[in-house]
Amino acid sequence: MERCVEIDKPLFDAFDRFELEDISFMHKVDKHYERTEQTEASLNKRALKPQESVEEIVSQQMEVDRLHQAIAQLPEKQRRRLVPYYFGEFTYEQIAEMEGCTKRAVKFSVDIALKNLKENL
């Protein structure tokens with residue numbers, strides 16, 4: 001059974017920030033999970049990879065923060081469709097079903113959101 005609850009803007013923004021932070025955290029955790037079978041060759045390749053410097057790590061985190069800020073500046077509908085598509089790995093069809101709209105409308109929103117992000121970044 002579906003229920004609609006009306007909330008104020010500050011609460012919505014807090015939930016939205018939490019969702020972005022949660023998705024970001026899940027992607028960091030996901031990177032640490034092994035997705036392939038370990039072989040001697042893959043272990044040797046990983047052992048030869050140089051460790052990232054503190055500067056590189058800080059720079060990457062700053063880029064992630066800028067991306068989150070840019071996403072937060074998107075119109076609500078664009079953000080609502082972009083986040084599950086890119087971070088939640090949902091398809092246009094799945095998002096359209098959740099939103100009660102067409103696949104074309106979702107694709108249009110995501111495309112416009114990407115254009116806006118490119119301009120802001």
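**Exercise 1. Work out whether Lys 103 is buried or exposed, and what it touches.**

Start with the accessible area: Lys 103 has a relative value of 42%. Buried means under 20%, exposed over 50%, and partly exposed in between, using a 1.4 Å probe and protein chains only. Lys 103 therefore counts as partly exposed.

Before going on, a word on the source: this is a predicted model, where local features need pLDDT of at least 70, side-chain atom pairs count only at pLDDT 80 or more, and totals for chains, interfaces and linings use all residues. Residues are numbered from 1 along each chain as its sequence is written, and side-chain values use heavy atoms, with hydrogens and water left out.

Next, place the residue: Lys 103 sits in helix H6 (residues 103–120). Helices here are DSSP runs of H or I with at least four residues, numbered from the N terminus.

Now look for partners. Setting aside neighbours within four places in sequence, Lys 103 is in contact with Tyr 92, Glu 93 and Ala 96, contact meaning heavy atoms within 4.5 Å. Take Glu 93: 10 residues separate it from Lys 103 in sequence, while the C-alpha to C-alpha distance is 5.3 Å.

**Exercise 2. Describe how helices H4 and H5 cross, and which residues make the contact.**

First the geometry: the axes of H4 (residues 76–86) and H5 (residues 92–99) come within 10 Å and cross at roughly 140 degrees. Axes are lines fitted to C-alpha atoms, for helices over the stretch in contact, with angles from 0 to 180 degrees between N-to-C directions.

Then classify. Under 35 degrees is roughly parallel, over 145 roughly antiparallel, 65 to 115 roughly perpendicular, and the rest oblique. H4 and H5 are therefore oblique to each other.

Finally, list the residues. H4 brings Arg 80, Arg 81, Pro 84 and Tyr 85, and H5 brings Tyr 92, Ile 95 and Glu 99.

**Exercise 3. Find the aromatic pairs and say how the rings are arranged.**

There are two to find. Rings of Phe, Tyr and Trp (its six-membered ring) pair if their centres lie within 6.5 Å; planes under 30 degrees apart are stacked, over 60 edge-to-face, and the rest tilted.

Tyr 85 and Tyr 86 are edge-to-face, at 4.9 Å centre to centre with 85 degrees between the planes. For Tyr 85 and Tyr 92, the centres are 4.4 Å apart and the planes at 0 degrees, so that pair is stacked.

Put together, the ring pairs link Tyr 85, Tyr 86 and Tyr 92 into a cluster. As for exposure, Tyr 92 is buried at 13%, while Tyr 85 is partly exposed at 24% and Tyr 86 is partly exposed at 41%.

Note on methods:
Helix = DSSP H or I, 4+ residues; strand = E, 2+ residues; numbered from the N terminus.
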